[in-house]
Amino acid sequence: MRLLGNIIWFLFGGIFMGLAWWFFGVIALISIIGIPWAKACFVIGQFTFFPFGKESISRKALHQKEDIGTGTLGLIGNIVWFIFAGFWLAIGHIMSAFACAITIIGIPFAIQHLKLAVISLAPIGQTIVDKEVAAVLRKQAAEAYVSEVQNR
């Protein structure tokens, strides 16, 4: 089902938003200062081309430690990103979601666009993993939380 969903997604609109991510990535790359944003754009652009079966999670959750993108510099980077590109990509995803939702059959695609709109607002510090990896990480976090609450 993932393969079929990804093929339909790509052919009926996913290619346009993926190219929009790559466009902003090229602009960021050309500016030299924007190279960290460019990397995020290309990774999330690839995710935008074929989103089914994948999920965006925080790198802090994945690696169990902070890095430059998940700390204060990442927050500053996300604010800069939001001003120059994130807002526009979010609008594109929301408009695409609306267009998909009108067709009724496109509701799963609309939901995917809304998830991508959220990611487009603050992509620094995020990474893309398989849904199974994300589920395992959520389970581990929940178990750690329960253990912490029980030890109080």
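**Notebook: strand 1, two loops, helix 1 and the aromatic residues**

I began with Ser56, which I found in strand 1, the run of residues 54-58. The model I am reading is predicted, and I keep that in mind for every entry below. I asked myself whether Ser56 is buried or exposed. Its relative accessibility is 17%, and because buried means under 20%, Ser56 counts as buried. I then looked for a polar partner of the side chain and found that of Gln126, with a polar contact of 2.9 Å between the two. Leaving aside residues up to four places away in sequence, I listed what Ser56 touches, namely Phe47, Ile119, Gln126, Thr127 and Ile128.

Next I turned to backbone angles. Ile32 is not a glycine, yet I read a positive phi of about 65 degrees for it. I located Ile32 in the loop that runs between helix 1 (2-30) and helix 2 (35-49), and with a relative accessibility of 59% it counts as exposed. Ile104 gave me a positive phi of about 65 degrees, and it is not a glycine either. I placed Ile104 in the loop between helix 4 (72-102) and helix 5 (107-121); its relative accessibility is 59%, so I entered it as exposed.

I went back to helix 1, which is followed by Ile32 with its positive phi. How far does helix 1 span between its end C-alpha atoms? I noted only 34 Å, whereas a straight helix of 29 residues would span 42 Å at 1.5 Å a residue. Looking along the helix for a bend, I found a kink of about 70 degrees, centred on Gly13. Gly13 is also on my list of buried residues in helix 1, where it stands with Gly5, Asn6, Trp9, Gly14, Met17, Gly18, Trp21, Gly25 and Ala28. I checked what covers these buried residues, and the cover includes helix 2, helix 4 and helix 5.

I then went through the aromatic rings, for which the structure holds 12 aromatic pairs. One of them joins Trp9 and Phe109, with 6.0 Å from centre to centre and 40 degrees between the planes, and I recorded this pair as tilted. The two residues are 100 apart in the chain, Trp9 lying in helix 1 and Phe109 in helix 5, and the pair thus links distant parts of the chain. Both Trp9 and Phe109 are buried. For Phe82 and Phe87 I noted ring centres 6.1 Å apart and planes at 70 degrees, so this pair is edge-to-face. Phe82 counts as partly exposed at 36% relative accessibility, and Phe87 is partly exposed with a relative accessible area of 37%. I also marked one aromatic cluster, formed by Phe10, Trp22, Phe42, Phe49 and Phe50.

My last entry concerns the largest nonpolar core. Which of its 21 residues touch the most other members? I found Trp21 and Trp81 in that position. Helix 1, helix 2, helix 4 and helix 5 are the elements that give two or more residues to this core, and helix 2 supplies the largest share, six residues. I followed Trp81 outward, again not counting residues up to four places away in sequence, and its contacts include Trp21, Phe24, Trp37 and Cys41. Also touched by Trp81 are Gly86 and Leu89, together with Ser120, Leu121, Ala122 and Pro123.

Key:
Residues numbered from 1 in each chain as written. Predicted model: local features only at pLDDT ≥ 70, side-chain atom pairs only at ≥ 80, totals over all residues. Heavy atoms only, no water. Helix = DSSP H or I, 4+ residues; strand = E, 2+ residues; numbered from the N terminus. Buried < 20%, exposed > 50% of the residue type's maximum accessible area, 1.4 Å probe, protein only. Polar contact = N/O pair within 3.5 Å; in protein donor to acceptor, adjacent residues only side chain to side chain. Contact = heavy atoms within 4.5 Å. Expected span 1.5 Å × (residues − 1). Bend = angle between axes of the 7 residues up to and from the residue. Phe/Tyr/Trp six-rings, centres within 6.5 Å; stacked < 30°, edge-to-face > 60°. Core = buried A, V, L, I, M, F, W, Y, C linked by side-chain atoms within 4.5 Å.
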